[in-house]
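This report walks through one structure, element by element. Please look at the sequence and the fold before reading on.

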Amino acid sequence: MAQTAAPATGASAITPISLKALAPWAVFFGILMLVLLYFVGAEQGATAVISGEGVHEWVHDGRHLLGFPCH
Ligand SMILES: [Zn+2]
């Protein structure tokens, strides 16, 4: 006897998200990740946007974890 999946009652169907609706969010999070990568990987010394060691100290462990040169 073959069994078939019964449709779930009360469950709403999942509607797919179009690429056109998703694209601005992908660009936004891509830029956000690039800024984060900059602060973790290059915010130090001559390339520093924010003076002082504060940002460097906050991301220092991540910097070593990702293998960026540090000290
Ligand atoms: Zn270090």
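## Helix 1

Helix 1 is hardly covered: none of its 23 residues is buried, the count being 0. The model is predicted, and helix 1, residues 19-41, has the highest mean pLDDT among the elements of the protein chain, at 94. From first C-alpha to last, helix 1 reaches 31 Å. That is close to the 33 Å expected at 1.5 Å a residue.

A database record covers part of this stretch. UniProt, in an unreviewed entry, lists residues 22-41 as "transmembrane region". In the model, that span is 100% helix and 0% strand. Its end C-alpha atoms lie 28 Å apart.

## Overall make-up and confidence

The protein chain holds 3 helices and 0 strands. Read from the N terminus, the order of elements is α-α-α. Burial is scarce across the chain: buried residues make up 1% of its 71 residues.

Mean pLDDT for the protein chain is 84. A score of at least 70 is reached by 87% of the residues. Among the elements, helix 2 (residues 54-58) has the lowest mean pLDDT, 84. Where pLDDT is low, predicted coordinates should not be read in detail.

## The loop after helix 1

A48 sits in the loop between helix 1 and helix 2. Is A48 buried or partly exposed? A48 counts as partly exposed because it has 14 C-beta neighbours inside 10 Å; a buried residue would need 20 or more.

A48 can also be placed relative to Y38. The two residues are 10 apart in sequence. Their C-alpha atoms are 9.7 Å apart in space.

## Helix 2 and H56

H56 belongs to helix 2. It has 18 C-beta neighbours inside 10 Å, so H56 counts as partly exposed.

Which residues does H56 contact, leaving aside its neighbours within four places in sequence? They are E43 and Q44. H56 can also be paired with C70, which is 14 residues away along the chain. The C-alpha atoms of H56 and C70 are separated by 9.6 Å.

Definitions and conventions: Residues numbered from 1 in each chain as written. Predicted model: local features only at pLDDT ≥ 70, side-chain atom pairs only at ≥ 80, totals over all residues. pLDDT = per-residue confidence, 0-100. Helix = DSSP H or I, 4+ residues; strand = E, 2+ residues; numbered from the N terminus. UniProt positions renumbered as here; feature names shortened; annotations may be inferred. Buried ≥ 20, exposed ≤ 12 C-beta atoms within 10 Å, placed from the backbone. Expected span 1.5 Å × (residues − 1). Contact = placed C-beta atoms within 7 Å.
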